[in-house]
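Student: Please take a close look with me at one part of this structure, the way its strands are put together, and then set that part in its surroundings. I am new to it, so explain each term as it comes up.

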Amino acid sequence: MSEAKRLAAEKAIEYVTDGSIVGVGTGSTVAYFIEALGRVRDRIAGAVSSSEQSSERLRAVGIDVLDLNATGPLALYVDGADECDPQRRLIKGGGAALTREKIIAEASKTFVCIVDPSKQVDVLGRFPLPVEVVPMARSLVARELIAMTAGQPVWRQASEGQGVVTDNGNWILDVHGLSITDPVRMEQQINQIPGVVSVGLFARRPADVVIVGGEPPRVL
Ligand SMILES: O=C[C@H](O)[C@H](O)[C@H](O)COP(=O)(O)O
């Protein structure tokens, strides 16, 4: 699948406009995009990054990483996804970067999502849905998620008893066993639980364009 990821990432370069600041997501597909963006770095004014990992990769290819508070709205955001439905609604956060990704998606005029064909589904939910939570609310949020969704929340751990810590200092619950027939509603409901920082459903603000890597790439 890495060739499909690379093909999707390279196609996304066509959406980059001269002199712009590009929003950049996180993950293995985005790593190919950063590589490609590095080759055209003289055409752009810099990037806003959704994670420490991507910031490092961007700097390594000679791209300035800027603060979203200083840039204003962005023309373009390019990011991967864990799942994508036919309406371009997404599950994201497999790399724990969902909150910053949601912020950059909201700040951007055009959100281009780059995926390999394995990410396409008819109904979201096969991939466990990530929810970023304030650590003290982990159990509370897990109970509320069970009551609300009938799914099974699992605390994402780096090792036994050690939660994976997001770039924002929080923890992740991955909700298994969902079949998300109304993603907009589920996104709204989960966002209302006290202690939830954000949920990895991108339905209220779906991608504008999805590029599925292949020979040739398909644009949805
Ligand atoms: O938190 C991580 C992001 O949402 C990624 O975009 C997502 O997990 C897809 O990653 P990958 O391109 O590595 O499959």
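**Strands, sheets and what surrounds them**

Tutor: Three strands, in the order β4-β5-β13, make up an open sheet with antiparallel pairing. Its edges are β4 (83–84) and β13 (201–202), each of which pairs on one side only. What you see is a predicted model, in which local features need pLDDT of at least 70 and side-chain atom pairs count only at pLDDT 80 or more, while totals for chains, interfaces and linings use all residues. Residues are numbered from 1 along each chain as its sequence is written. Strands (E, at least two residues) and helices (H or I, at least four) are DSSP runs numbered from the N terminus, and two strands pair if DSSP finds at least two bridges between them. In this sheet, strand β5 (residues 90–91) is joined to β13 by 2 bridges, the two running antiparallel, and L90 has F202 of β13 as its bridge partner.

Another open sheet is built from 6 strands, whose order is β2-β1-β3-β6-β14-β15 and whose pairing is mixed. At its edges stand β2 and β15 (218–219), each pairing on one side only. Going across from the β2 edge, we find strand β1 (residues 21–24) and strand β2 (residues 46–49) paired in the parallel sense over 4 bridges, with V48 in β2 as the bridge partner of G23. Towards the other side, β1 pairs with strand β3 (residues 74–79), again in the parallel sense, over 3 bridges, and here the bridge partner of V22 is L76 in β3. L76 also has T110 in β6 as a bridge partner, and β3 and β6 run parallel and are joined by 5 bridges. Beyond that, 4 bridges link β6 to strand β14 (residues 209–212), which run parallel; in this pairing I114 stands opposite I211, and V115 stands opposite V212.

How well are these strands covered? A residue is buried if 20 or more other C-beta atoms, placed from the backbone, lie within 10 Å of its own, exposed if 12 or fewer do, and partly exposed in between. Both faces of β1 are covered, since I21 and G23 on one side and V22 and V24 on the other are all buried. Strand β6 (residues 108–115) is mostly covered, with 6 of its 8 residues buried.

I114 deserves a longer look. Leaving aside its neighbours within four places in sequence, I114 is in contact (C-beta atoms, placed from the backbone, within 7 Å) with A8, A9, A12, T29, F33, V78, G80 and I211; the last of these is the residue that stands opposite I114 in β14. I114 also belongs to the largest nonpolar core, a set of 59 residues in which F33, V78, V112, C113, I114 and V131 have the most contacts. This core draws at least three residues from each of domain 1 (2–120 + 204–219) and domain 2 (129–199). A nonpolar core here means buried Ala, Val, Leu, Ile, Met, Phe, Trp, Tyr and Cys residues joined through C-beta atoms within 7 Å.

The core thus leads us to the domains, whose bounds come from an automatic or database assignment. The C-alpha centres of domain 1 and domain 2 lie 24 Å apart, and the contact between them takes 13 residues from each domain. On the side of domain 1 that touches domain 2, helix α5 (residues 98–107) gives the most, with 4 residues.

For a last view, consider A142, which lies in helix α6. A142 is partly exposed because 19 other C-beta atoms lie within 10 Å. Apart from neighbours within four places in sequence, A142 is in contact with P153 and L173. V131, one of the core residues with the most contacts, comes 11 residues away from A142 along the chain, and the C-alpha atoms of the two are separated by 9.6 Å. Just after α6, the backbone at A150 takes a positive phi of about 65 degrees.

Key: Contact = placed C-beta atoms within 7 Å.
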